[in-house]
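User: I'd like to go through the labels on this model one at a time and hear the reasoning behind each. Can we do that?

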Amino acid sequence: MRYIILMGFCLLLSSMPVNAQKKAKLSDEQLLDLVQQQTFRYFWDFAHPVSGMARERSNQAAYGDEVVTTGGTGFGVMAIVVATEHKWITRTAAAERLLKMVNFLRKADSYHGAFPHWLNGNTGKTIPFSRKDDGADLVETSFLLQGLLCARQYFDANNPLEKELRDKINATWQETEWNWFTQGGQNVLYWHWSPNNGWSMNHEIRGWNECLITYVLAAAAPRYAVSPEVYHHGWVNNIYFRNDREFYGIKLPLGLDYGGPLFFSQYSFLGLDPRGLKDRYANYWEQNVRHTLINREHCIRNPKGFKGYSADCWGLTASDTYDGYNAHSPENDWGTISPTAALSAFPYTPEYSMQALKHFYYTLGDKIWSQYGFTDAFNETKEWYATSHLAIDQGPIIVMIENYRSGLLWKLFMSCPEIKQGLNKLGFETVAATKN
C-alpha cells in the first residue's frame, strides 16, 4: 500500500488506457517520469518473490519460472536507487529489498567470487546458460557489482539496516577473484570458468564492446585486482578495437564498422561516467555519441527499405525479434527496432531520443506499451510486436534517462574510492563535462 500511494500521478496515468493517456497531453518531464516509473515495475512488482532478484524476462516460462539474471539484477539495483531518489518507494523499503537480494547472493552459487549468468531464484543454484556455460560469468558479475556499488554509495545512513547492506555489498565485492580470470596470469581476462568444464569456453574479453566495466572493476578490486598490463595488452589488443573510419559521414573512434549494437555504448556506462572520460585510446563520450548518431543515421537512410524506420523511429540493439533473439546493428539489420536502444541513449542524443520516445508512446503505444513500460521490440515490416520484456533491456531505460536528467548513477559510481583508484591505475582522465 505504501508503494502504491507514493507512485502518485504517474501511476494513475500508467493504469489508464493508452488512448486516454494521450489525451493527458504530458509534458516532456511527465512523460519521462511515466516511462521510468512504469518500467521500474518490472524490477519491483515482478521481482522474484524469494530472492528479490530480477527475472530474466517477463515471458519467463520460456526459460522456466525460477530463472533470475545476475547482470539484469545489477541494472535493477540501480533502478531501485532511482526510485528511492524520486520517492516512488520509501528508503526503508528499498534498503530492505536490496538486503534481501544481497543475503540471497551471499548464499548463492559463485565461483572464485564470480556469479553465473543465471541463478535459480528459489535455491541460489546455477542454471546453465548453455551446455558449457554453467559456472562463472565475469561480465554479468561486473554488471551486478556496478549496481551494488552504486547502492553502497547511496545508502549511506548511519543505521543498522543500511550499515548491514553496505557491509554485505563490500564483502561480495571484495571476494571476487578478478585475477583468477586471467587463466594463470595471462594479460587478458576470460569471460567464463566452470567447475565442470574449466576454461573450455576460452572466451577472451577483448574490446571494443560492452565489457569496459569488467576491466575497470578488475583494476579497482580491493583484494584480487589485475595489473594495468591486463588492460593494455588484453582489452585493447584486438583487431576490432580501433576503427577511425567514417560511416554516414561520422568518424567512429573504436569498435566494429558502424559501431555494432547500441548496448556497447550503454551497459558499461550505466555507472561509469563517460563525460570527460579519456585515456590514451579514446574520448569515451565522443565514442558513445558518435556510435549513437551512426545507428540513428542508418535508420533514417534505411538502406534496406524497412517499414517504419525514420528520424522518429530508430534504435538497433540486441533484443527479441520475430524469429527469436538477435543482436541488431546496422550490419545486422532485419527491420527490428528495440525501444531500449534510443531510450537508453538519452544522455548522448537527448533531442533525438525524446523524438523517438514520443513516437513510441503516442504513435505505437497501443501496440508496445504495457504494465512494465515498452515491450522489448517491434518489426513493422513483419507486423510483429513483442509482448515480452527483458531485464537487461528494461534496466538501462530507467538508469540512462536518470543519468540524462540528474547524473545520479554516474555520480554515485564515480564517487567510489576504489573506482577512482582503478581508473587512475589504468591511465584514465575523469574530468566530468556538462550534460550534453
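User: Why is histidine 389 called buried?

Analyst: Quick caveat: this is a predicted model. Histidine 389 has a relative accessibility of 3%, and buried means under 20%, so histidine 389 counts as buried. You'll find histidine 389 in the loop between β14 (384-385) and α14 (391-405).

User: What makes up the surroundings of histidine 389?

Analyst: Leaving out residues up to four places away in sequence, histidine 389 touches Tyr42, Glu56, Arg57, Ser58, Ser370, Tyr372, Gly373, Phe374, Thr375 and Gln394. As for glycine 74, histidine 389 sits 315 residues from it in sequence and 16 Å from it in space, C-alpha to C-alpha.

User: Why is histidine 112 called partly exposed?

Analyst: The relative accessibility of histidine 112 is 25%. Partly exposed runs between the 20% and 50% cut-offs, so histidine 112 counts as partly exposed. Histidine 112 belongs to the loop between α5 (91-107) and β2 (118-120). Its phi is near 55 degrees, a positive value in a residue other than glycine.

User: And why does tyrosine 248 count as partly exposed?

Analyst: Tyrosine 248 has a relative accessible area of 21%; buried would need under 20% and exposed over 50%, so tyrosine 248 is partly exposed. Tyrosine 248 lies in the loop between β6 (242-247) and β7 (250-254), and although it is not a glycine, it has a positive phi of about 55 degrees.

User: Why are α6 and α8 called roughly perpendicular?

Analyst: The axes of α6 (residues 138-154) and α8 (residues 212-220) cross at roughly 70 degrees and come within 9 Å. The window for roughly perpendicular is 65 to 115 degrees, so α6 and α8 get that label. The crossing of α6 past α8 is left-handed.

User: Which residues bring α6 and α8 into contact?

Analyst: From α6 you have Leu138, Val139, Ser142, Phe143, Leu145, Gln146 and Leu149, and they meet Ile213, Thr214 and Leu217 in α8. By class, this contact of α6 with α8 has 7 nonpolar, 3 polar and no charged residues.

User: How do you know that α8 is mostly covered?

Analyst: Just count: 9 of the 9 residues in α8 are buried. They are Leu212, Ile213, Thr214, Tyr215, Val216, Leu217, Ala218, Ala219 and Ala220. The cover includes α6, α7 (160-174), α9 (228-235), α10 (284-301), α15 (408-414) and α16 (417-426).

User: Which residues touch the most other members of the largest nonpolar core?

Analyst: Leu212, Tyr231, Trp235, Leu272, Tyr284 and Phe360 do, in a core of 136 residues. α6 gives the most to this core, with 10 residues. Take tyrosine 284: not counting residues up to four places away in sequence, its contacts include Trp208, Leu212, Tyr231 and Phe428.

User: Why is α4 called roughly parallel to α6?

Analyst: The axes of α4 (residues 70-85) and α6 cross at roughly 20 degrees and come within 6 Å. Angles under 35 degrees count as roughly parallel, and that makes α4 roughly parallel to α6. In the contact of α4 with α6 there are 10 nonpolar, 8 polar and 2 charged residues.

User: Then why are α4 and α5 called roughly antiparallel?

Analyst: Here the axes of α4 and α5 cross at roughly 165 degrees and come within 9 Å. Anything over 145 counts as roughly antiparallel, so that's the label for α4 and α5. Thr73, Val77, Ile80 and Thr84 of α4 make the contact with Arg91, Ala94, Arg97, Leu98 and Met101 of α5. Those residues divide into 5 nonpolar, 2 polar and 2 charged.

User: What makes the peptide bond from glycine 207 to tryptophan 208 worth a label?

Analyst: The peptide bond from glycine 207 to tryptophan 208 is cis, with omega near 10 degrees. Tryptophan 208 is in the loop between β5 (192-193) and α8.

Conventions: Residues are numbered from 1 along each chain as its sequence is written. This is a predicted model: local features need pLDDT of at least 70, side-chain atom pairs count only at pLDDT 80 or more; totals for chains, interfaces and linings use all residues. Side-chain values use heavy atoms; hydrogens and water are left out. Axes are lines fitted to C-alpha atoms, for helices over the stretch in contact, and angles run from 0 to 180 degrees between N-to-C directions. Helices (H or I, at least four residues) and strands (E, at least two) are DSSP runs, numbered from the N terminus. A crossing is left-handed if the near helix is turned anticlockwise from the far one by less than a right angle, and right-handed if clockwise. Contact means heavy atoms within 4.5 Å. Ala, Val, Leu, Ile, Met, Phe, Trp, Tyr, Cys and Pro count as nonpolar, Asp, Glu, Lys and Arg as charged, and the others, Gly among them, as polar. A nonpolar core is a set of buried Ala, Val, Leu, Ile, Met, Phe, Trp, Tyr and Cys residues joined through side-chain atoms within 4.5 Å. Buried means under 20% relative accessible area, exposed over 50%, partly exposed in between (1.4 Å probe, protein chains only).
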